[in-house]
Every structure is written in C-alpha cells, then in structure tokens.
Amino acid sequence: MTEIVRKRFGLLGRNINYSFSKGYFTDKFNNENFEGCSYENFDIPEINFFTELVKNNPDLKGLNVTIPYKEVVIPFLDKLSKKAAEIGAVNTIKFTKKGKLKGYNTDYYGFKKSLKPLLQPHHKKALILGTGGASKGVAFALDELGILYTFVSRGSKENAIDYERINATTFDNYQIIINSTPVGTSPNTDAFPLIPYEFFTEKHIAYDLIYNPAETQFLKKAKEQGAQIKNGLDMLIFQAEKAWKIWNK
C-alpha cells in the first residue's frame, strides 16, 4: 500500500471562525480527491505567535493570511514575490522545499479578475474606502487596469481623503466605490461605511470585499440608487485557486 502524503494548509488571522477559506478548501479536497490534504484555522491573538506556530507545525505547506496580519507578517518571511513586495501586503505564504517562507499576494489577482467583467468605458476612477492590507491589493489591481484611484481614511492620512470630504462632486468624478474595510461584515451586519449613498447612480459600481453577508448594507444602499453591485465572493474564489497553484508548483 502506498502511504498517503499528508499536506497541511491553513488560514492565519484573528477571530476567523467566520472564514470562507476553511470550508472552501475542505470541500475542494473532498470533491477533487486530494487525499491527505487538510485545511485549518490558525487563530492567533498577535503576530508574534507566528514563529511558534511555524515551529510547532513542521508539516505545513501553505497558509492564507487575512485581517489583521497581511502587512505585519512580512518581517517574519524569508522572501517575497516581486508583486507582493510592490504591493506591501501578503495573503498567501508558501513553505518551500528548503523550509523557507515565501510571501505572495493573490488578493490583487482575485479582485482584478472579478472586477474586469463589470467595467465600461466611463469607469475611469475609483474611491477605495480603507487603507489596510486589503486596500493595497485593490490599488495594485486598479493600476494594472489603468484606473486612477484615491484612498479614503477615517483619520487624516497622507495620500488619503477624509470621509467627510465625500460629496456629490466626488461621485461625479469617481464611478467605482470599493469598500476594503471590514465594516458591515457578519456579525455586525447593520454597519456600513459613512458615505452619502444618495449620490450613487446607475453609472456607478459599488464593490464590497466582504462576502458575508452576501449583500451588505453598503451594497443594499448603493443598489437602491441603481448602482451595479458586486461582493467579494468571486474575488475570494479566484485568489484561493491562485494560492492553491502557488502551493503546488
């Protein structure tokens, strides 16, 4: 009898019981007969626990990384892919045959692939709500698509405008509004980014990186004004499949 090679994968994050990844990969392994493969959540209270996690799990082959560790995990890695280095955020880690940890960003790829079919010639500029790790992948994808963008932040930050500055003129100038914050995700489904939703029109795209719930308050309010809406589920599926290729190449 051939011995089944065990391959362990997982998700690194904090408070990640809600996570899509575990269910997605477990189903994938079962449905596509990947014997010996398993996927689990590694929920750590702070990034300094990462070193111990790696040491205690020598059979790990790959990790996905989610909020709030996409940026702070970088110093713990041995190397980065060219794109992850440019983006400044990592959501996929490969454990190489030599035992090194290499960081990749597949968020930008998933976002780009899911946004592209919605784009029309008048979609020239985007507002990115939030300035965390997820927003960096979004910005990189928009660069590749030739779409200009501006970040929106709650506090005053360099290279970002304040939420209070968003008005009718902003909506005239920006035809794509992207929520890259966790505001509105389960269980706090009544929350939404504080922007003037009455200025959305049928010419706008409202894109929410959140996938649970499938229709956030942000998306509902934009849809009521006729905007085209999209949640983050396709992005997640595309980035997960890309991560799977990286781990296995």
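This is a short talk on the folds, loops and pockets of one protein model.

Hi everyone, thanks for coming. Before anything else, please keep in mind that the model is predicted. Let me start with the overall picture and then go through the two sheets, a few loops, and the pockets.

So, the inventory: the protein has 8 helices and 12 strands. The radius of gyration is 19 Å, close to the 18 Å that the globule rule gives for 249 residues, so the protein is as compact as a globular protein of that length. If you put a box around the C-alpha atoms along the principal axes, the box comes out at roughly 65 × 35 × 35 Å.

Now the sheet that holds β1. Here 6 strands form an open sheet, and the order is β2-β1-β3-β5-β6-β4, with mixed pairing. Which strands stand at the edges? They are β2, residues 37–43, and β4; each has a single partner strand, so one side of each is left without a neighbour in the sheet.

The mixed pairing is easy to see around β6. On one side, β4, residues 79–80, runs parallel to β6, residues 101–104, and 2 bridges join them. If you want a landmark there, look for K79, which stands opposite K102 in β6. On the other side, β5, residues 92–95, runs antiparallel to β6, with 4 bridges between the two. Two pairs to click on are I93, which stands opposite G103, and F95, which stands opposite L101. β5 and β6 form a hairpin with 5 residues between them. In that turn you will find G99, which has a positive phi of about 80°.

As a general reminder while you look at these strands, side chains in a regular strand alternate between the two faces of the sheet.

There is also a helix to look at on this sheet. α1 lies across β1, residues 7–13, together with β2 and β3, and runs at about 170° to β2. Just ahead of that helix, in the loop between β1 and α1, sits N15. Its backbone deserves a glance: phi of N15 is near 55°, a positive value in a residue other than glycine.

On to the other sheet. This one is also open and has 6 strands, in the order β9-β8-β7-β10-β11-β12, and here the pairing is parallel. The edge strands are β9, residues 160–162, and β12, residues 228–230, each pairing on one side only. Neighbouring strands in this sheet are turned by 25° against each other on average, ignoring direction. At the β12 end, 3 bridges join β11, residues 205–208, to β12 in parallel, and Y207 stands opposite K230 there. Helix α4, residues 107–115, packs on this sheet, touching β10, β11 and β12, and its direction makes about 150° with that of β11.

A quick stop at the prolines. Where are the cis peptide bonds I want to show you? One runs from I67 to P68, with omega near 5°, and P68 lies in the loop between β3 and β4. Another runs from N212 to P213, again with omega near 5°, and P213 is found in the loop between β11 and α7.

Finally, the pockets. What is the volume of the largest pocket? It is about 740 Å³. This pocket is lined by 33 residues, and Y18, T66, I67, P182 and T185 lie nearest its centre. You have met I67 already, in the cis bond to P68. The elements giving two or more residues to this lining are α1, β3 and α8, and the largest share, 3 residues, comes from α8. By class, the lining has 16 nonpolar, 14 polar and 3 charged residues.

The second largest pocket has a volume of about 570 Å³. It is lined by 24 residues, and the closest to its centre are G130, T131, R154, T181 and P182. So P182 turns up among the central residues of the largest pocket and of the second largest one. α5, residues 133–145, and β8, residues 148–153, each supply at least two lining residues, with α5 giving the most, 3 residues. The classes here are 12 nonpolar, 8 polar and 4 charged.

That is my tour. Thanks for listening, and I'm happy to take questions.

Notes. Residues numbered from 1 in each chain as written. Predicted model: local features only at pLDDT ≥ 70, side-chain atom pairs only at ≥ 80, totals over all residues. Heavy atoms only, no water. Pairing = 2+ DSSP bridges. 1 Å grid on protein atoms, 1.4 Å probe; cavity = no way out; pocket = protein on both sides within 12 Å on 5 of 7 lines; lining within 4 Å. Points joined across faces, edges and corners; volume = space filled by probe spheres on them. Nonpolar A, V, L, I, M, F, W, Y, C, P; charged D, E, K, R; others polar. Axes fitted to C-alpha atoms, helices over the stretch in contact; angles between N-to-C directions. Contact = heavy atoms within 4.5 Å. Rg over C-alpha atoms; globule rule 2.2 N^0.38 Å.
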